[in-house]
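The following exchange examines how the descriptive terms applied to a structure follow from its values. Each answer sets a value against a cut-off and concludes.

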Amino acid sequence: HPFVGRAQRAALAVGAVLAVVIAGGAPVLAGVVNMSSPVPLMVLGLGVPVYLPMAVGRGVAQATHAFGRLGGSIAIEALARLIVTVAAVAVGLGATGAAIALVASFAAAWVPCARIRTAAVDAPPTAPNSTSVIAATVLLLAGQVVISNGDLWVVAAVLPDDAGVYAAVALIGRLVFIAAWSVVTVVFPSLVAGGHSAEDVADLRLLGRALVLTAAFGLVLTAGSAVFGEALIVAMVGDDYAAGATLLWPYALATTLFVCANLCAVADVAAGRLALPALVAVGSVAQTAVLVGGADAGVAWVVWAQVAVMAGLFGTTAGALVGRELAPAVGRLRSRYGRSGALRRA
């Protein structure tokens with residue numbers, strides 16, 4: 001389909017530009033965050049041209065309701081990341097190995113979505129301009145990448161002695177993201193088909209139900225992490241990382257807030273708007289700045305700082321979405337009651 005082809009080409013082009021910027025600026029950025037080597041950042045930069053087309057492939061899977069392929073892509077990404085990370089750590093690659101694992105997982109996750117038939121991918125009659133959708137998607141994905149991985153970079157650079165325990169917490173805590181994101185995956189095609197206009201009550205109800213379900217799902221997983229955190233960490237990564245058990249539930253809470261903020265932003269992506277994806281991108285910069293500034297206080301501070309930043313991001317995105325969608329209704333009510341009052345006075 002022409003739209004899919006344009007999206008893939010745009011993803012490759014944007015990914016290539018970002019790869020040059022990130023890889024070229026890696027020595028400077030590594031110096032800013034006190035990393036011992038810029039190589040991990042360079043590897044991650046070179047992985048962006050893989051990540052963005054993979055994300056487009058997942059979008060095609062959503063549009064065609066190929067949820068089996070989409071679920072396979074997500075599962076393969078998690079499995080490939082785990083296997084390559086363990087292997088890289090075993091041979092002593094450290095942070096560079098973790099970066100290689102991320103890139104390898106992106107490439108592996110692309111495979112299930114790369115050969116989906118696109119002939120049936122038709123834009124709905126109310127579909128927004130493709131350029132605006134692509135721009136909104138790139139903003140949201142960029143924010144997701146930084147938020148999802150920036151904390152690991154900061155901890156590895158500032159608190160190297162705690163990086164192993166923190167990575168174990170992050171590895172398990174992100175299962176919340178993978179599980180809760182399934183709601184977003186199912187809802188997004190319906191939002192695109194409806195255009196998510198302010199007058200479309202069905203779309204607003206769908207988004208509201210999805211948000212409640214996502215929050216409830218994440219909070220249940222957070223509560224489970226609080227009760228069974230130590231047993232979960234020991235079972236998955238061993239006794240050496242049991243010290244991270246107390247960090248698991250606040251990390252899961254931060255992840256839940258992050259998913260809810262992304263769900264609000266996805267509504268703007270569906271309509272081709274840039275405002276809420278831009279807020280997520282700004283939130284990623286804010287979180288990185290906060291973590292860089294205070295990470296030396298310890299890993300517990302890093303986790304709770306993310307809870308605070310993600311709560312602020314969710315509150316901002318949800319408030320902006322609700323305010324914008326209620327504005328037309330408030331305007332109509334003011335107009336109606338204004339006219340009624342004028343008639344009574346007459």
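Q: What makes Ala271 count as buried?
A: The model is a predicted one, and in it Ala271 has a relative accessibility of 17%. Buried means under 20%, so Ala271 counts as buried. Ala271 is found in helix 9. Its C-alpha lies 9.2 Å from that of Ala136, although the two residues are 135 apart in sequence.

Q: Why is the pair of Phe177 and Phe258 called stacked?
A: The ring centres of Phe177 and Phe258 are 5.6 Å apart and the planes make an angle of 25 degrees. Rings pair if their centres lie within 6.5 Å, and planes under 30 degrees apart count as stacked; therefore both conditions are met. By this rule there are four aromatic pairs.

Q: How do you know that this pair links distant parts of the chain?
A: Phe177 belongs to helix 7 (residues 175-194) and Phe258 to helix 9 (residues 245-271), with their positions 81 residues apart in sequence.

Q: Why is Phe258 described as buried?
A: The relative accessible area of Phe258 is 5%. Because the cut-off for buried is under 20%, Phe258 is buried.

Q: What makes Thr317 a buried residue, and which residues does Thr317 touch?
A: Thr317 has a relative accessible area of 0%, and the cut-off is under 20%, so the residue is buried. The place of Thr317 is in helix 11. Leaving aside residues up to four places away in sequence, Thr317 touches Ala261, Cys264, Leu276 and Leu279.

Q: How do you know that helix 2 is largely enclosed by the rest of the structure?
A: Of the 25 residues of helix 2, 19 are buried, so the helix is largely enclosed.

Q: What span is expected for helix 2, and what span does the helix reach?
A: Helix 2 (residues 39-63) reaches 37 Å from its first C-alpha to its last, close to the expected 36 Å. The expected value is 1.5 Å times one less than the number of residues, and helix 2 has 25 residues.

Q: Where does helix 2 bend, and what follows the helix?
A: Helix 2 bends by about 35 degrees at Val48, and Pro49 follows within four residues. After helix 2 comes His65, with a positive phi near 60 degrees.

Q: Which residues have the most contacts inside the largest nonpolar core?
A: They are Leu140, Ile147, Trp181, Val184, Val259 and Met310, in a core of 30 residues. Helix 5 (130-158), helix 7, helix 8 (201-237), helix 9, helix 10 and helix 11 (299-345) each give two or more residues to this core. Helix 9 supplies the largest share, 11 residues. Val259 touches Phe177, Ala180, Trp181, Val184 and Thr214, residues up to four places away in sequence not being counted. Another core, of 18 residues, lies apart from the largest one and includes Val154, Ile172, Leu248 and Val299.

Q: How many helices and strands does the protein have, and what share of its residues is buried?
A: The protein has 11 helices and zero strands. Buried residues make up 43% of its 346 residues.

Q: Which elements have the lowest and the highest mean pLDDT?
A: Helix 7 has the lowest mean pLDDT, 70, and helix 10 (residues 275-294) the highest, 91. The protein averages 79, and 82% of the residues score at least 70. Where pLDDT is low, the predicted coordinates should not be read in detail.

Notes. Residues are numbered from 1 along each chain as its sequence is written. This is a predicted model: local features need pLDDT of at least 70, side-chain atom pairs count only at pLDDT 80 or more; totals for chains, interfaces and linings use all residues. Side-chain values use heavy atoms; hydrogens and water are left out. Rings of Phe, Tyr and Trp (its six-membered ring) pair if their centres lie within 6.5 Å; planes under 30 degrees apart count as stacked, over 60 as edge-to-face and the rest as tilted. Buried means under 20% relative accessible area, exposed over 50%, partly exposed in between (1.4 Å probe, protein chains only). The bend at a residue is the angle between axes fitted to the seven residues ending there and the seven starting there. pLDDT is the predictor's confidence in each residue, from 0 to 100. A nonpolar core is a set of buried Ala, Val, Leu, Ile, Met, Phe, Trp, Tyr and Cys residues joined through side-chain atoms within 4.5 Å. Contact means heavy atoms within 4.5 Å.
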